[in-house]
Amino acid sequence: MKNLRIIAVAVLLVCFLVFLPSCQRRPSVDRYGRINLYWAMWDYRLTVYYTAIIEAYQEKNPGVRIVPVDLGSADFSTVLMTQLAGGANLDILTIKDIPGYANLIRQNRLLPLNSFIEEENIDIELYGGIVEQLMVDGEVFALPFRSDFWLVFFNKDIFDAAGVPYPTNDMTLDEFEALARLVTSGSGASRIFGAHYHTWRSTVQLFGILDGMHTMVDGNYDFLRPHYERVLRKQDDGIVMPYALLRTSGIHYSGVFFNGQVAMMNMGTWFIGMQMERVALGQAERSRNWGMVKYPRPEGVPAGTTLGTITGIGVNRNSRHREEALDFVRFVSGLEGALILAQTGTIPALLNDEVIDKIASMPGFPPDVNSREALNVYRTFLEMPLHERSAEIEIILNEAHDAIMTRNISVENGIRQMNERVGRILAR
């Protein structure tokens, strides 16, 4: 009897150690005979569009059950790779960021989508150039379904008080600067700044990639010189808040806009919902009369060219239900999914007139034509392009940005540091 118990324990131990991946597999069919599609994601209960998308898809496809698998936000990409390495049954993979996407491709975890895109006649032009930036050796492994891109938010009351025309949807960088100077007024605690640049490097550096001739992984950053010089000039002239003050005081960009301290603010579309909510709650009385326009552009660049980040969705190469998983990807990243996201106040990656109208019809959205038109994007460049060293490069760019903006080093020396340090990384 004792020997039998020892053998049984040994068998269980072998099962645990050797067959652990298969033990972790989730059932592919539920008790009602529906196909289970497991969707890897983060912050399921905090993200309003997840439930809306799942319910809408299941209503159209009663034979399929979408099962959310929340892997947490902080270490999502690491946990996802661990699960996949262990053989976990995950069919649909959410792409949180570009480094995570690159890693999934390197590990051969994502199903190529080119043939699927062709068979389904998916018009990638509706994504504003994003899909092309997700290609690796000509192949796409995920489709974007959510996007946040940069706009200019402005306070109409400040412009009215100054007797200055509102910003337009076709401003060059020179025109934007001239406008900021016209609406700057006051002094001390009552000063109104013409524009606002938050402390992120993206608020300065990314103007340099709008022409499509450069990226943030080029290794040579001489093209950033005029943009740093412009922002520092505005800082010296009191047109924008000092970077050092923003850093040391921890001033949040939302507060300066809510409180009517800035006439214009460069910020992402995620701020739309924040502003509408604060106005509705009566917590933004000094900015309740607001609007949006397209991002300012370098000379010669088409209006509506902007910068952004995306959330993508792809299929696990080892999914047991590829066909159904691909159909779900089509739904989420297509027009049906885009309209659902728009109803929740989220900006989808696919934008056409129907989707934009849905967003613009939300209670609290600015009623003027320019604000609606601001969402009509010509092209979106990814803030950080697909590159295996992007995470390391970003650290260097952040450090140099902080040193330049605090005047610890000159623009020239800061750019030299970027060139040298990133150059060494690229040479490995």
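Q: Helices are DSSP runs of H or I with at least four residues, numbered from the N terminus. On that basis, which helix gives the most to the lining of the second largest pocket?
A: In this predicted model, α14 gives the most to that lining, with three residues. Helix α14 spans residues 270-280, and α3 (48-60) and β6 also supply at least two residues each.

Q: What makes up the rest of the picture of the second largest pocket, in volume and in the residues closest to its centre?
A: The volume of the second largest pocket is about 290 Å³. It is lined by 16 residues, and Arg146, Trp270, Thr344, Gly345 and Thr346 are the closest to its centre. By class, the lining comprises seven nonpolar, six polar and three charged residues.

Q: What is the volume of the largest pocket, and which residues lie nearest its centre?
A: The largest pocket has a volume of about 680 Å³. Its lining numbers 23 residues, with Lys96, Asp97, Thr309, Glu383 and Glu394 nearest the centre. At least two lining residues come from each of α5 (98-106), β6 (143-155), β9 (305-315) and α19 (390-405). The lining divides into nine nonpolar, seven polar and seven charged residues.

Q: Why are α19 and α20 classed as roughly parallel or roughly antiparallel to each other?
A: The axes of α19 and α20 (residues 411-426) cross at roughly 170° and come within 9 Å. Angles over 145 degrees count as roughly antiparallel, and α19 and α20 are therefore placed in that class.

Q: How do you know which residues bring α19 and α20 together?
A: Contact requires heavy atoms within 4.5 Å. Among the residues of α19 that meet α20 are Ile393, Ile396, Leu397 and Ile404, and the residues they face in α20 include Val411, Ile415, Met418 and Leu426. The contact holds 11 nonpolar, one polar and three charged residues.

Q: Why are α9 and α11 classed as roughly parallel or roughly antiparallel to each other?
A: Helix α9 (residues 173-183) packs with helix α11 (residues 225-236) at an angle of about 5°, and the axes are 12 Å apart. Angles under 35 degrees count as roughly parallel, and α9 and α11 are therefore roughly parallel. Leu173, Asp174, Phe176, Glu177 and Arg181 in α9 meet His227, Arg230, Arg233 and Lys234 in α11. That contact comprises two nonpolar, one polar and six charged residues.

Q: How many aromatic pairs are there, and why is the pair of Trp150 and Trp200 called stacked or edge-to-face?
A: The count comes to 25 aromatic pairs. Ring centres must lie within 6.5 Å, and planes over 60 degrees apart count as edge-to-face. The centres of the Trp150 and Trp200 rings are 6.3 Å apart and the planes stand at 85°, so the pair is edge-to-face.

Q: Which parts does the pair of Trp150 and Trp200 tie together?
A: Trp150 belongs to strand β6, whereas Trp200 lies in the loop between α9 and α10 (202-205), so the pair ties together parts that are 50 residues apart in sequence.

Technical notes:
Residues are numbered from 1 along each chain as its sequence is written. This is a predicted model: local features need pLDDT of at least 70, side-chain atom pairs count only at pLDDT 80 or more; totals for chains, interfaces and linings use all residues. Side-chain values use heavy atoms; hydrogens and water are left out. On a 1 Å grid over the protein atoms alone, a cavity is a set of points where a 1.4 Å probe fits but cannot get out, and a pocket is an open set with protein on both sides within 12 Å along at least five of seven lines; lining residues have an atom within 4 Å of a point. Grid points are joined across faces, edges and corners, and a volume is the space filled by probe spheres set on the points. Ala, Val, Leu, Ile, Met, Phe, Trp, Tyr, Cys and Pro count as nonpolar, Asp, Glu, Lys and Arg as charged, and the others, Gly among them, as polar. Axes are lines fitted to C-alpha atoms, for helices over the stretch in contact, and angles run from 0 to 180 degrees between N-to-C directions. Angles under 35 degrees count as roughly parallel, over 145 as roughly antiparallel, 65 to 115 as roughly perpendicular and the rest as oblique. Rings of Phe, Tyr and Trp (its six-membered ring) pair if their centres lie within 6.5 Å; planes under 30 degrees apart count as stacked, over 60 as edge-to-face and the rest as tilted.
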